[in-house]
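Biologist: Could you take me through this one step by step? I'm new to reading models like this.

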Amino acid sequence: MYASVFTSAILVLVSIGYLYLFQKDRKLKLGAWYLIIAVILGALATTYLYIGLGISAVISSALVGVLGGFVPKNFPFPHKGQSIRMAIYCGSFIGMGQAFLEHHYLFIAFAGLVSGIYFCISTNQLKGFGGKLGTLAFVGVAVSYFLTYIFFT
Amino acid sequence: MEIAIYLLFGILGAVIPYGLTRELAVEPVKASALPSLILALGFYFFPQIVSENLNFHIPVIFFGASFVGMVSKKILPYYLEVALAGILFSMLYLNASSFFNGYGGGLGTPACISVLSIYGLKKVKTLVRFFSVKKNSDAKN
């Protein structure tokens, strides 16, 4: 147990260190809470289509991406619709994973939360690089799987 | 033969969203999701067109390569570079370890790696020039 706490503390510290290192203005901004919710919603919707309804992973993720693409431009706040669409598409990649654990929806929501935090923080990094959203989704899934593994198994 | 088909779909998957974004000003999310959805639905409703193996892998490769196609034209300005990144993505996908199978986001990571590699390949020339200039200035000092 102590080892788990120690390992996760190191993980958190390393993440914070890297995030501070790569932030241009050396300040951690987590203002866009609605993006985290969008990532979680995208992940849960894709999981429902993939695991709940049994549609193939690619179709469910692309469907959520297309539907999310119709979010109005000024939906929560003016000119923020574009980032909401990106966040939903990022979340839809998380939902493409197979069910490893008993409480899969809970795990996906947790992974969405972690990815959403990384998504908010890394808004200015790797701008315009293809595959950034998928990598963020993978980071979220890997970190949350690691945390679940060391604390609950 | 199968590998050639995978590579072809890797190229198509990367170039089609890139072209849609660049020429028709479709936003990247729709440009990536819509062609993948149409292709995946086509393979879902008509699975008898190709063999079972191809039927499983082609939509996945196309979908993964479409993340490569979401790259901005400031990063990779030519179609050839995007097509190369698509080929690299297909090769990474086909040769990746099965350890991360079933993890969400497992497709986006090779896409990011391939885009970064092609971007790095472009920057090799700049790096060589930087080192040669540095060498000259060191020699002068």
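What follows is a chat about confidence, helix packing and the contact between chains.

Modeller: Quick ground rules: this is a predicted model, where local features need pLDDT of at least 70, side-chain atom pairs count only at pLDDT 80 or more, and totals for chains, interfaces and linings use all residues. Residues are numbered from 1 along each chain as its sequence is written, while chains are lettered from A and ligands numbered from 1 in the order in which they are written.

Biologist: In chain B, which helix has the lowest confidence?

Modeller: We use pLDDT, the predictor's confidence in each residue, from 0 to 100. Chain B averages 86, and 98% of its residues score at least 70. Helices here are DSSP runs (H or I, at least four residues; strands are E, at least two), numbered from the N terminus. Confidence in chain B peaks in α1 (residues 2–23) with 92, and bottoms out, at a mean of 83, in helix α5 (residues 108–140).

Biologist: Are α3(B) and α4(B) parallel, perpendicular or oblique?

Modeller: Axes are lines fitted to C-alpha atoms, for helices over the stretch in contact, and angles run from 0 to 180 degrees between N-to-C directions. Helix α3 (residues 52–68) of chain B packs on helix α4 (residues 79–95) of chain B at about 135 degrees, axes 9 Å apart. Under 35 degrees is roughly parallel, over 145 roughly antiparallel, 65 to 115 roughly perpendicular and the rest oblique. So α3(B) is, relative to α4(B), oblique.

Biologist: How many charged residues does the contact of α3(B) with α4(B) have?

Modeller: Contact means C-beta atoms, placed from the backbone, within 7 Å. Among the residues involved are B:I61 and B:G64 of α3(B) and B:F89 of α4(B). For classes, Ala, Val, Leu, Ile, Met, Phe, Trp, Tyr, Cys and Pro are nonpolar, Asp, Glu, Lys and Arg charged, and the others, Gly among them, polar. The count is seven nonpolar, three polar and, for charged, no residues.

Biologist: Which helix gives the most to the side of chain A that touches chain B?

Modeller: The contact takes 33 residues from chain B and 29 from chain A. On chain A's side, α3 (57–68), α4 (81–94) and α6 (132–152) each supply at least two. With seven residues, the one giving the most is α6(A).

Biologist: And at what angle do α3(A) and α2(B) cross?

Modeller: Helix α2 of chain B covers residues 28–45, and its axis comes within 8 Å of that of α3(A). Residues in this contact include A:V58 of α3(A) and B:K30 of α2(B). The two cross at roughly 145 degrees.

How values were computed. Two residues are in contact if their C-beta atoms, placed from the backbone, lie within 7 Å.
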